[in-house]
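Colleague: Could you take me through the salt bridges in this structure, one by one? I am new to this, so please explain the terms as you go.

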Amino acid sequence: MLKNTKTAYGWISILLHWVMALTIAGMFGLGLYMVELTYYDAWYKGSLDLHKSIGILLLGFLLLRTLWRCININPDSADKHASKFEVTSAHLVHLALYLLMFTLMISGYLISTADGRGIMVFEVFSVSAIPFSVANQEDIAGEIHEILAWVLVVLAGVHALAAVKHHVINKNNTLVRMLKVQTTENK
């Protein structure tokens, strides 16, 4: 099952979710490592280039994921006893996660292109810089990028804890349906 149904996520949604979740976690770790490096460290430039390249690919995945979410149906809540507050909160958290990811990636782009140079992605293609910049763009975007990275990781943690809560306490398949495609045998 590639597409979502009213009761389950399809493989494409599951794959996009987990590729992005694991990549963002890795990018956060790489970012923490990078800020401790000095200009003279052996991996200073390599870590920056890797972070930028993965960030551009991640933005592509985010655009694809957003498009897929728009053209595909979203499964109904797995918790049939969820309160209106829980359903609304889940919706708002998902929206916040998407907005944070977009804003985080745009701020990373603005850091990387503040000097007018584009971003070389794995030495395969380049993403051009916008034809203008603002004073202190790199510093301002850098501050925003760091704050948003922490907010995203904390909110993603809350999101993960909520899924575990639904699995352990509510005993529903909220978590399971993002781990595997459900068929009629495992619904």
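Modeller: Here is a walk through the salt bridges and the residues that form them. This is a predicted model, in which local features need pLDDT of at least 70 and side-chain atom pairs count only at pLDDT 80 or more, while totals for chains, interfaces and linings use all residues. Residues are numbered from 1 along each chain as its sequence is written, and side-chain values use heavy atoms, leaving out hydrogens and water.

A salt bridge here is a side-chain nitrogen of Lys or Arg within 4 Å of a carboxyl oxygen of Asp or Glu. The whole structure holds three salt bridges.

Let's begin with Asp 49 and Lys 45, whose closest N and O atoms are 2.7 Å apart. Both residues sit in helix α2 (residues 44-71), four residues apart, or about one turn of the helix. Helices are DSSP runs (H or I, at least four residues), numbered from the N terminus. Asp 49 has 30% relative accessibility, so it counts as partly exposed, whereas Lys 45, at 56%, counts as exposed. The words follow relative accessible area: buried is under 20%, exposed is over 50% and partly exposed is in between (1.4 Å probe, protein chains only).

Next come Glu 86 and Lys 165, which meet at 3.0 Å, N to O. This pair links distant parts of the chain, 79 residues apart: Glu 86 belongs to helix α3 (residues 84-112) and Lys 165 to helix α4. Glu 86 is partly exposed at 26%, and Lys 165 is partly exposed at 30%.

Finally, Asp 115 pairs with Arg 117, with 2.5 Å between their closest N and O atoms. Asp 115 is partly exposed at 47%, while Arg 117 is exposed at 58%.

Definitions and conventions
Helices (H or I, at least four residues) and strands (E, at least two) are DSSP runs, numbered from the N terminus.
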